[in-house]
Amino acid sequence: MRITAFVTLAAAVLAFTDASPIARRPHPEATSGHSIPLTRNPHFKHNTRAQMAKLNKRYPGVNILAGSSGNVPLTDVSPDLEYYGTVSVGTPAQNVKLDFDTGSSDIWFPSSACTTAACKKHVRFNSASSSTYQKDGRKWSISYGDGSTASGILGSDMVSVGGISVRQTIGFATAESSQFGSSPADGLFGLGFNTIESVSGVKTFLDNAIAAGALAQPVVSVFLPSERRFNGQGGEYLFGGINSSKFTGSLTYVPVTKEGYWQISIDDAGYSGQSLGQSSQGIVDTGTTLIIVGDDAAQTIHNSINGATNDPNNGWLVPCSVAQDTTNYVSFSMGGADFKVPLADLAYEDLGDGSGNCVSGVQGGQNDLWILGDVFIKNNYCVFSQTSSPSIGIAPLA
């Protein structure tokens with residue numbers, strides 16, 4: 001695994017446009033909604049290098065709204081690389097596996113017209129078999145920082161996830177570059193704002209669900225289970241509600257500073273209670289595996305970790321032995337509260353070269369807009385609240 005993979009991961013998220021600042025409004029911590037549980041797939045064989053290059057989901061305490069079709073299982077791709085779930089599209093339903101991603105907004109996957117090698121490795125949606133499909137005809141394309149691309153045409157159909165069903169405009173890929181062939185997911189389910197849709201004017205799934213009154217609250221709440229703490233099981237994306245059993249204390253709502261990504265102000269980074277004097281704008285992104293910060297912040301964080309090194313080929317490394325250290329932690333200050341990531345989760349994956357070094361869960365290269373990816377989210381419950389004054393509610397996991 002090379003540092004370029006991590007930088008590419010960040011660049012993929014940033015290949016969209018920004019929007020204007022927005023203010024904050026607090027939200028009640030209600031518990032009704034539609035749940036999407038996470039489950040492990042023990043038979044999946046991952047290719048970490050390829051995946052990192054491509055990448056730049058029964059509930060105690062939750063009341064499911066009437067009309068829900070039940071829970072949709074999601075898969076945690078080892079080692080907590082990405083989280084995807086099955087989404088039903090069309091009538092009768094055709095199931096596709098999608099990577100839920102708050103760092104992008106398009107919903108896209110291959111169409112039956114796609115004959116590239118990458119498409120052939122995935123489920124391809126057959127619009128002719130769906131009685132609810134409607135042709136749009138506009139051209140659609142997307143590209144990521146590693147050079148991967150997909151393109152095709154827009155269409156719309158009924159999309160059902162976690163019991164929520166709305167008509168949705170979708171990017172149906174008729175061509176995909178080879179990089180997508182290694183992904184276990186068929187495509188992406190964007191949960192960002194419509195300002196970063198690839199085609200101007202397209203509304204997101206959240207936009208449409210909110211407008212249809214399908215959600216008890218205009219939120220998506222995320223619990224990503226780590227292999228370390230939860231064996232990768234029991235997580236959920238909860239549409240329209242907040243599961244108070246998944247976190248401790250109260251949610252701290254951090255105002256979104258720009259719509260597009262879920263962008264917020266990170267006021268400081270710390271190490272085991274000591275300020276490191278580092279701050280930045282940042283995004284909370286379920287579609288990015290690691291935490292990616294500025295070069296100075298990455299240097300300062302790793303200076304606090306005995307044995308950490310910056311390798312020109314593999315990026316920041318930490319001794320794999322820190323996987324046992326749940327006492328020390330890196331923290332990020334937002335909205336007046338500190339949110340922790342135990343050192344144990346910085347030992348992301350063993351290099352496998354006998355050195356005893358692991359790829360760090362924190363990498364540099366993102367000097368203007370830090371990315372709090374899954375390494376952060378799998379330690380902190382996150383509520384993405386899309387009111388007229390959007391915010392992200394954050395609390396430590398229970």
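Here is a walk through this structure, which is a predicted model, from its sheet to its ring pairs, its disulfides and a few backbone oddities.

Let's start with the sheet. Seven strands make up an open sheet, and reading across it you meet them in the order S20-S19-S14-S15-S24-S16-S23, with mixed pairing. At the edges sit strand S20 (337-342) and strand S23 (362-363), and each of these has a pairing partner on one side only. If you look at the S20 end, you'll find S19 and S20 running antiparallel, paired over 6 bridges. To pick out one spot there, find Val 330, whose bridge partner in S20 is Val 341. While you're in that part of the chain, look for Tyr 329 too: Lys 340 lies over the face of its ring, 4.4 Å from the ring centre.

Now add a helix to the picture. Helix H6 takes in residues 295-303 and lies across S15, S19, S23 and strand S24 (369-372). Set against S15, H6 runs at about 135°.

Next come the aromatic rings. How many aromatic pairs does the structure hold? The count is 18. One of them is formed by Trp 108 and Phe 180, an edge-to-face pair with 5.2 Å from centre to centre and 80° between the planes. Trp 108 belongs to strand S6 (residues 107-110), while Phe 180 is in the loop between strand S9 (164-176) and strand S10 (187-190), so this pair ties together parts that are 72 residues apart in sequence. Are these two residues buried or exposed? Both Trp 108 and Phe 180 are buried.

Another pair to look at is Phe 223 with Phe 230. Their ring centres are 5.1 Å apart and their planes stand at 90°, so this pair is edge-to-face as well. Here the two partners have their own burial classes: Phe 223 counts as buried because its relative accessibility is 4%, under the 20% limit, whereas Phe 230 is partly exposed, with a relative accessible area of 24%. Rings can also gather in a group, and here Phe 100, Phe 189, Phe 205, Tyr 237 and Phe 239 form one aromatic cluster.

On to the cysteines. The chain has 2 disulfides, and with bonded cysteines counted along the chain they follow the pattern 1-2, 3-4. Cys 114 and Cys 119 make one of these links, with their sulfur atoms 2.0 Å apart. That link is right-handed, with 75° about the S-S bond, and both Cys 114 and Cys 119 are buried.

The other link joins Cys 320 to Cys 358, at 2.1 Å from S to S. The bond between Cys 320 and Cys 358 is right-handed, at 110° about S-S. Why does this pair tie together parts that are 38 residues apart in sequence? Because Cys 320 sits in the loop between strand S18 (315-319) and strand S19 (329-334), while Cys 358 sits in strand S22 (residues 357-360). Cys 320 counts as buried at 17% relative accessibility, and Cys 358 does too, at 5%. There's also Cys 382, which counts as buried at 0% relative accessibility.

Finally, a few spots in the backbone deserve a look. Most residues other than glycine have a negative phi, and most peptide bonds are trans. With that in mind, go to the peptide bond from Ser 78 to Pro 79: it is cis, with omega near 0°. Pro 79 is in the loop between strand S3 (74-77) and strand S4 (82-89). Follow the chain through S4 and you reach the loop between S4 and strand S5 (94-101), which holds Pro 92. There, a cis peptide bond joins Thr 91 and Pro 92, and omega is about -5°.

Two residues that aren't glycine have a positive phi. For Asn 231 the angle is about 55°, and this residue lies in the loop between helix H5 (227-230) and strand S12 (236-239). Asn 231 is partly exposed, with a relative accessible area of 44%. For Ser 272 the positive phi is about 50°. Its place is the loop between strand S14 (263-271) and strand S15 (274-284), which brings you back to the sheet, where S14 and S15 stand next to each other in the order. Ser 272 is partly exposed too, with a relative accessible area of 26%.

Technical notes. Residues numbered from 1 in each chain as written. Predicted model: local features only at pLDDT ≥ 70, side-chain atom pairs only at ≥ 80, totals over all residues. Heavy atoms only, no water. Helix = DSSP H or I, 4+ residues; strand = E, 2+ residues; numbered from the N terminus. Buried < 20%, exposed > 50% of the residue type's maximum accessible area, 1.4 Å probe, protein only. Disulfide = S-S within 2.5 Å. Pairing = 2+ DSSP bridges. Contact = heavy atoms within 4.5 Å. Axes fitted to C-alpha atoms, helices over the stretch in contact; angles between N-to-C directions. Phe/Tyr/Trp six-rings, centres within 6.5 Å; stacked < 30°, edge-to-face > 60°. Lys NZ or Arg CZ within 6 Å of the ring centre and 35° of its normal.
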